[in-house]
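Trainee: Could you take me closely through one part of this model, the place where the two chains meet? I would like a connected account that I can follow with the structure open beside me.

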Amino acid sequence: MMIRSALLPLMATALMGQNFADKLGPAVGTSIPSIEATDQNGKTQSFASVRGPKGAFVLFIRSADW
Amino acid sequence: MELGEWSEDVKKRGYGVVAISYDTPATLKNFADRKKISYPLLSDPDSKIIKSFGILNEKAKDFAAGVPHPGMFVVNAAGKVEAKYFEEDYRERFTISALLTNRFGKPAQIAGEQVVAKRARITPSASATTVRGGEHIVLTLNVDLSPGLHAYAAGAGEDYISVDWKGETNDAYRFGDVEAGKPKLLKVGGDPQPVPVYEGKFTLKRELILSAQAKVQKLADAEGKFRIPATFKYQTCSDRLCYPPETVTVEWVLRLDGHDGTRVPAELRRK
């Protein structure tokens with residue numbers, strides 16, 4: 001990790017980051033699984049209810065508490 | 001991941017915003033109220049959505065069991081992934097402000113004093129001026145050349161002095177490669193090949209990767225401000241003559257935000 005961050009140019013780290021992202025979740029160009037869940041106000045939401053005209057930024061966060 | 005002000009900006013660009021975690025709706029409500037978050041925070045207490053996306057962090061144990069690898073998908077209106085962002089090193093995080101500057105062309109904010117140099121004005125700006133340890137942000141140099149002059153872009157060849165932005169990596173941060181705006185091709189003097197140049201205004205960008213909070217903290221003053229010096233070298237020419245190359249020092253001033261360690265009330269915490 002140290003060698004990676006200190007010596008390789010960004011292009012390489014960006015590619016490595018990209019590879020890491022590639023392995024996680026649906027691939028670019030493919031459909032996401034269904035999202036249906038309760039929000040902070042107790043309302044049921046889905047991708048259709050949260051998206052804008054162009055789509056949505058779907059964030060996964062570790063926790064809202066810690 | 002910064003959770004606040006950017007969401008309105010994203011919405012203006014036609015994208016909705018939603019964040020998903022394993023917390024209960026009550027925890028999310030408490031968090032949303034404290035942080036003044038208006039977009040939906042979805043509760044996935046059994047990590048069903050997290051697992052269906054294939055992003056469960058399988059190494060997380062005990063109260064942390066069920067958390068995802070943190071990251072983001074940009075999804076188009078048809079529900080297909082346009083882009084995704086995850087950092088391999090959990091201490092680092094991409095920032096949405098950097099994404100907006102890089103991918104959506106959002107102008108960066110001025111982040112230091114404009115340098116009025118010979119035949120050029122150079123302004124340092126950044127995708128965010130308030131930062132936290134581990135964040136990846138974008139620094140930009142906005143250059144405004146005096147009328148009638150051009151400066152040579154990278155790739156102009158050995159016969160020319162190309163613009164060059166040098167910054168020194170240290171314990172608190174490191175830089176990515178410089179990305180420059182598209183140069184114009186210009187026929188210069190007796191050169192048979194056109195040469196890539198910039199005229200008027202142009203922008204150079206590069207990523208800034210901050211180290212852990214404690215390391216950046218060492219650079220910060222009492223108000224949390226810290227400075228990132230760099231040099232910018234350029235040579236300007238008109239169609240008749242070239243001026244001597246210049247090297248100027250430019251400085252970004254950013255503010256390190258403290259980590260807000262506030263938690264939800266004890267009764268809402270995951271056991």
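Mentor: What follows begins with the two chains, moves to the contact between them, and ends with the residues packed around it.

This is a predicted model, and it scores ipTM 0.78 and pTM 0.79. For chain B the mean pLDDT is 91, with 98% of its residues at 70 or more.

Chain A has 66 residues, of which 33% are buried, and it contains three helices and three strands, which follow one another from the N terminus in the order α-α-β-β-α-β. Chain B has 271 residues, 40% of them counting as buried, and it is built from five helices and 20 strands. Along the principal axes, the C-alpha atoms of chain B fill a box of roughly 75 × 50 × 30 Å. Within chain B, if one takes the contacts between residues at least 6 apart in sequence, 62% of them join residues that are at least 24 apart.

Turning to the contact itself, 45 residues of chain A are in contact with 60 residues of chain B. On the chain A side, at least two residues each come from α2 (10–23), β1 (36–39), α3 (47–50) and β3 (55–60). By residue type, the side of chain A that touches chain B comprises 26 nonpolar, 14 polar and five charged residues.

Of these elements, β3(A) deserves a closer look, since it is joined by six bridges to strand β1 of chain B, residues 15–21, and the two strands run parallel. Within this pairing, F57(A) stands opposite V17(B) of β1(B).

The packing can be followed from the same two strands. The largest nonpolar core holds 61 residues, and those touching the most other members are A56(A), F57(A), V58(A), V18(B) and A126(B). To see what surrounds one of them, consider V18(B): once its neighbours within four places in sequence are set aside, V18(B) is in contact on the chain A side with Q45(A), V50(A), A56(A), V58(A) and L59(A), and within chain B with Y39(B), P40(B) and L42(B). Another core, of 21 residues, lies apart from the largest one, and its members include L149(B), A156(B), A180(B) and Y198(B). As background to both cores, nonpolar side chains in soluble globular proteins tend to be buried together.

When you return to the structure, a useful place to start is F57(A) with V17(B) opposite, and from there you can move to V18(B) and its contacts, among them A56(A) and V58(A).

Methods. Residues are numbered from 1 along each chain as its sequence is written. Chains are lettered from A and ligands numbered from 1 in the order in which they are written. This is a predicted model: local features need pLDDT of at least 70, side-chain atom pairs count only at pLDDT 80 or more; totals for chains, interfaces and linings use all residues. Two residues are in contact if their C-beta atoms, placed from the backbone, lie within 7 Å. Helices (H or I, at least four residues) and strands (E, at least two) are DSSP runs, numbered from the N terminus. Ala, Val, Leu, Ile, Met, Phe, Trp, Tyr, Cys and Pro count as nonpolar, Asp, Glu, Lys and Arg as charged, and the others, Gly among them, as polar. Two strands pair if DSSP finds at least two bridges between them. pLDDT is the predictor's confidence in each residue, from 0 to 100. A nonpolar core is a set of buried Ala, Val, Leu, Ile, Met, Phe, Trp, Tyr and Cys residues joined through C-beta atoms within 7 Å. A residue is buried if 20 or more other C-beta atoms lie within 10 Å of its own, exposed if 12 or fewer, and partly exposed in between; C-beta atoms are placed from the backbone.
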